[in-house]
Structure formats: C-alpha cells, structure tokens
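Please open the structure in a viewer and set the display to a cartoon coloured by chain. The stops below each propose a selection and describe what is found there.

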Amino acid sequence: MTQRPVISLRDVRKSYGAFELGPINLEIEPGYIVAIVGPRGAGKSTLMGMLMNLIRPASGEITLFGGVYPEDEVAIKQRIGYAPERPSGYDDLSPRVLGKFVSRFYPGWDQRLYEDLLAGVAMEPDEKFGELSAGTQRHLTSALALATGPELVLLDEPTAGLDSFARRQIQGGISRFMDDERYGDRTVVFATRVMDEVRRVADYVAFLVDGRLLGLFEKDALLDGWKVFWLDREPGVTFPERSSSKATTRRV
Amino acid sequence: MSEKWYPRRGPRVPISLSMEDPQPMYRQIESQLRDFILAGQLKPGTKLPTIRALADDLSCSVITTKRAYQDLENEGLILTRQGRGTVVAQIPEEKMDARRREAVEAAFSEAVSIGRRAGFTEEELREVLNQALQRDHTDVSGGIS
C-alpha cells in the first residue's frame, strides 16, 4: 500500500480483565474493502469502537484521515459512516424519520441508496425501529451508515442474523457505495465471522484472533493459497491415515 | 455471482476465471481482454466496466482487476481517464499486425524448440511444417464440400 492511509493504528492496546487486545499495527489505504475476520470475542467490536472513539485505547496511536481523537473528532466523524452492532436510541424512530434525522448531519447523504436498500427488503418506512426483527434492524443500521455518503464506512457484523437475500442486499449496497463514480476513493471496513462474505466483497482480509491481529492479506492471494492447501490435503485428513496411492490420485 | 437487484449502469464483458488455470487471476483477465481487443471484438472507444464492477462480477478483489487494467494500459490497449472511466484505445493498424505476428512467431518458436528437444533436424522440422500446412489445406477444402 503506497497511498496515504485512511486508517493507521500504531501499537494500539486495550484490555478488559483477562482479555487483551493488541498491540495492533494496521494501515488501510483508501479505495478498498477490508474485512476484519475473527470469532466471537476476538476483539472486533472493541477495534471498531476505538476507531469511533467510543472506546479509548490504553496505549498506542490511532490516526484517521491524518487526524487524531479527541482534537479532530468532529472533522473525522463527518467523514465516517458507522453501523454499530447494536445501535441505541433508535427504538422509537421509524426508518423514514431516522433517514431524515441522520441526513441532516451529512451533506453527502444518498437518499436514493437509502431508499433502495430499504425497498430491497420491503421495509415499512413508518414502523418503529424497536418493533423490527433483529435482522431488519441490522439491515437498517447498515443502510444508514452506507447512505451517509462519507469517505469511510465502518460496519460491525453488518449481516449477522440476516437471511441470505438480505445479506446480498447489504453486500450489493457496499459495492454500490464503493463504485459511485461521483466520488473518489472510498473505503469500507467491516467485521465479520462469515467467510462467504469475505469471498464475495472484500479486497483485503485482516484476521483477528484472541485480540491479536494476524496481518493484512490480499484476498485473491489468500484464496489461491487455500486452493493449494485443499488440493494437497483434504481438510481433517492426515496422510498416514490414508493409503498413499489414494492420496496421490486425489492430487490434481 | 453478485446479485443484480439494482441495474448495474456500466457495460459488461464476457470474462471468466478458471480455478484450474495455473495463471494468476489478473493474467487471465488480461489475456482474455487482450484477445477481445486484438481480435476487434471490443472496438476502440468501447467502455469497459469499472475495476469495482468487474471485481464484483468475477468475485475477485479490485487489486486484481486494477493490476490487469494497469498492464493493458501500459501496453497501450486501453485508456483510463479521470472521471470518464476506462475505454478501449485506438490501436494503429501496424501495431495490431505486429501483435498478431508476435503470437504466431511465439507459437512457431515453441514448436521449433520442442522439435529440437526431440532431436529433429532442420529438414525434418520443415517437413513437419509442410505436412501441417497440407493437412490444413485439405481440411479447409474438405470442409467446404
């Protein structure tokens, strides 16, 4: 990566009791979709929260668009759309009202994208957020973040609990956000546990396991690597258990 | 494949990636596009998909599509202009001829070196070539009847 990074983390650490996150070193260049992949409890939401200054790191340095918290908070946040795992304060508001409310803070608000994303799942514009199903709430939260029309969108498990149809809608929304020719390079960072999602939409993949970041990989290079692994040895099968002739014929 | 739940505005090209192909994905994209362009199936000025749209269609990353477009741009086959997307370049006729000739020459050199490795003399190689030409000739005339 050679361009000026949108996100830069240097030796960032945070701990809760026995759980330790970091030290995390990560640089994300504009123009890419980056998936943060890891199991539940790996620290994905903590990482997202730190990027939004909702959680302060114990040590280390976080830079967004060249600015830092708390000095540049307003300037930074105007350029970020964020979909938390569980938004608070939305319960009594309808999709229509939420759209109107959020759009006021963002000059780049994309009403058409917002409406398309909601229409895709036949969402009632006047139903209250609190009365929607968990999946629909998630869908709405992601739609809000994508439609704020900023330069960077952070999505915390945007499709967890969604059915496959709704999931494709959100994935389509991400790529439509990235491919809007009216804008220059935009960036999406999303946390996920679903590998299929990574395969479909990500450019780069960062693995987060037990609070440790296992590097940033090009997705295509990674998939090529998997291919070799799968052909060489079937998952869950060790060579001594299988007659060698059979193992050889299975190679391609 | 990506769901087309909203109309994709851009153009599409019939490229496919094969997992069996030992070439890296960007090479596969490159050579298919190059063939379309040099064969005249994609005319100069034809708009190509954005790197994101193509990546979407092929379920690969934009790093791959960007790399393929960059190589083709360096070869002078396509042009990218800020805000106007990527189009097939105007390629001079002599360059098209030269490129077609290159492909044929490469195939012949390969054939010659295989023949050399198998211990063929120059005479024998010429004979093989003549036979191939003859076969091609009879195939063509046979195909017409």
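The tour begins with chain A, passes to its contact with chain B, and ends in chain B; the model is predicted.

**Chain A as a whole.** Select chain A and show its secondary structure: nine helices and nine strands are present. Of its 252 residues, 40% count as buried. Among the contacts in chain A with a separation of 6 or more, 68% join residues 24 or more positions apart.

**The nonpolar core.** Next, select A:Val34, A:Ile36, A:Leu154 and A:Val188, the residues with the most contacts inside the largest nonpolar core, which has 80 residues. Adding helix H5 of chain A (residues 134-147) displays the element that gives the largest share of this core, six residues. In soluble globular proteins, nonpolar side chains tend to be buried together.

Now centre the view on A:Val188. Beyond residues up to four places away in sequence, A:Val188 touches A:Ile33, A:Val153, A:Leu155, A:Ile174, A:Phe177 and A:Met178.

**A buried arginine.** Move to A:Arg186, in the loop between H6 and strand E7 (187-192) of chain A. Is A:Arg186 buried or exposed? A:Arg186 is buried because 22 other C-beta atoms lie within 10 Å, where 20 or more suffice for that class. Leaving aside neighbours within four places in sequence, the contacts of A:Arg186 are A:Glu151, A:Phe177 and A:Met178. Select A:Pro30 as well: A:Arg186 and A:Pro30 are 156 residues apart in sequence, yet their C-alpha atoms are 5.8 Å apart in space.

**The contact between the chains.** Select the residues at which the two chains meet: 18 residues come from chain A and 16 residues from chain B. On the side of chain A that touches chain B, the elements giving two or more residues are helices H6 (164-178), H7 (195-201) and H8 (219-232). H6(A) supplies the largest share of that side, six residues. Colouring this side of chain A by class shows three nonpolar, four polar and 11 charged residues.

**Chain B.** Colour chain B by domain, with domain 1 at 25-88 and domain 2 at 93-144. Taken over C-alpha atoms, the centres of these two domains of chain B are separated by 31 Å.

Finally, select helix H4 of chain B (residues 93-117). H4(B) has 25 residues and reaches 36 Å from its first C-alpha to its last, close to the 36 Å expected at 1.5 Å a residue. How many residues of H4(B) are buried? The count is zero, and H4(B) is hardly covered. After H4(B) comes B:Gly119, with a positive phi near 85°.

Terms used
Residues numbered from 1 in each chain as written. Chains lettered and ligands numbered in written order. Predicted model: local features only at pLDDT ≥ 70, side-chain atom pairs only at ≥ 80, totals over all residues. Helix = DSSP H or I, 4+ residues; strand = E, 2+ residues; numbered from the N terminus. Expected span 1.5 Å × (residues − 1). Buried ≥ 20, exposed ≤ 12 C-beta atoms within 10 Å, placed from the backbone. Contact = placed C-beta atoms within 7 Å. Nonpolar A, V, L, I, M, F, W, Y, C, P; charged D, E, K, R; others polar. Core = buried A, V, L, I, M, F, W, Y, C linked by C-beta atoms within 7 Å. Domains from an automatic or database assignment.
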